[in-house]
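The following report concerns cysteines, one sheet and one residue within that sheet. Please read it alongside the sequence and the model.

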Amino acid sequence: MALMRRKTGNGIKKGSVTQVNVAAKDAPAVLDKNRHVVSYSYGKNQTVLVEYVADPFKDMFQIGRSSEEQIDFTIVDTWLASGSQLASSSGGQSKPRGCGDPHKMISSTISRYACRIIIDRENYDKAFLYAAGFDSVKNIFLGEKATKWMKRNGEMDGLTTNGILILHPNRNTEELSEDDVPPMYVWREVSVDGDIYTLRETRSSSARGALVPEETNMLQDGTLIDLCGATLLWRTADGLRKSPTAQELEMALDRLNAGKPQCPVNLNTLIIPKKKSSKGGGSRQPYVSELFPSSPPGSEGNRFYRFTFDADMCRANTSGAIMHCQTVNNRISAQ
């Protein structure tokens with residue numbers, strides 16, 4: 001899916017904040033279909049309303065399971081999209097085929113209004129991710145049982161039920177020596193107001209993680225967005241232009257295969273095929289996932305791969321990207 005600059009900006013920015021002594025569904029601002037409102041409910045008749053006003057210098061895109069008009073990109077769970085074992089049914093639910101209780105429904109874990117992305121119309125590199133999207137009448141409801149709180153600056157914030165997770169690529173590798181292994185990436189959770197928090201103890205726990213003020217919700221090339229059922233990869237136009245070409249990738253694979261890396265357990269030579277074999281999966285030839293270089297061949301000081309073996313585990317380090325592999329039935333499976 002591609003996000004294109006809209007003819008007219010439909011962005012929003014935070015406006016007034018009011019507290020009313022009525023249920024959220026009865027508040028005049030919520031009933032007005034022309035106003036974007038996020039409501040935080042405390043008890044049956046205590047509600048904090050955060051109203052958003054138009055920002056013509058921004059574009060807003062919404063992502064979720066719903067197929068309603070205001071959702072720009074409808075996303076279904078990966079297991080649902082595969083269709084191999086589960087059949088889709090109405091209401092975003094699915095049921096197993098030919099096994100288990102035929103009356104037991106399996107609910108989708110992706111929210112109908114999962115998240116929204118706000119992009120600067122003049123500087124499209126400035127794209128920001130926020131949890132929760134607005135419904136058909138421009139409302140976001142955080143009910144009495146939702147995880148919500150008042151920040152130190154007096155503003156309201158909250159989390160969605162299953163959360164929206166974000167993972168930025170770790171590009172701070174300049175200070176590492178040649179033998180150092182870059183640190184693993186860290187998943188975070190983004191809030192309704194766009195702040196970044198550590199992960200909750202469980203995905204839908206009512207206790208939020210710790211605030212990480214030094215990190216941002218601004219998307220960058222390679223950022224992953226986890227919707228709890230599907231994961232999106234964010235690519236920028238500039239990042240795609242600088243990506244390796246097919247020829248450069250083939251050269252990298254040729255160099256890797258020429259090194260004849262071996263599995264430390266069975267001493268099988270690992271071969272990375274350029275294309276999937278049409279003969280099926282019956283071969284016992286060990287394989288690993290393809291590795292992609294972060295810079296083109298011939299660049300000064302570039303290292304395309306490094307294998308380090310430890311017992312029955314192998315680690316493939318590709319210029320900052322780390323993949324852990326484990327031997328399973330004479331094959332190497334990425335973890």
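C228 is buried, at a relative accessible area of 14%, where buried means under 20% relative accessible area, exposed means over 50% and partly exposed lies in between, computed with a 1.4 Å probe on protein chains only. This is a predicted model, in which local features need pLDDT of at least 70 and side-chain atom pairs count only at pLDDT 80 or more, while totals for chains, interfaces and linings use all residues. Residues are numbered from 1 along each chain as its sequence is written, and side-chain values use heavy atoms, with hydrogens and water left out.

The buried residues discussed here are listed below.

| Residue | Relative accessibility |
|---|---|
| C228 | 14% |
| C263 | 4% |
| T47 | 1% |

A disulfide is a covalent bond between the sulfur atoms of two cysteines; with the criterion of a cysteine sulfur pair within 2.5 Å, the count is 0 disulfides.

Turning to the sheet, 4 strands (DSSP runs of E, at least two residues, numbered from the N terminus) form an open sheet in the order 1-3-2-11 with mixed pairing, where two strands pair if DSSP finds at least two bridges between them. Strand 1 (11-20) and strand 11 (139-142) are at the edges and have a single partner strand each, so one side of each lacks a neighbour in the sheet. Strand 2 (residues 36-41) pairs with strand 3 (residues 47-55) in the antiparallel sense over 6 bridges, and V38 is opposite V50 of strand 3.

T47 also belongs to strand 3, and its contacts (heavy atoms within 4.5 Å), leaving aside residues up to four places away in sequence, include V20, V22, S39 and Y40.
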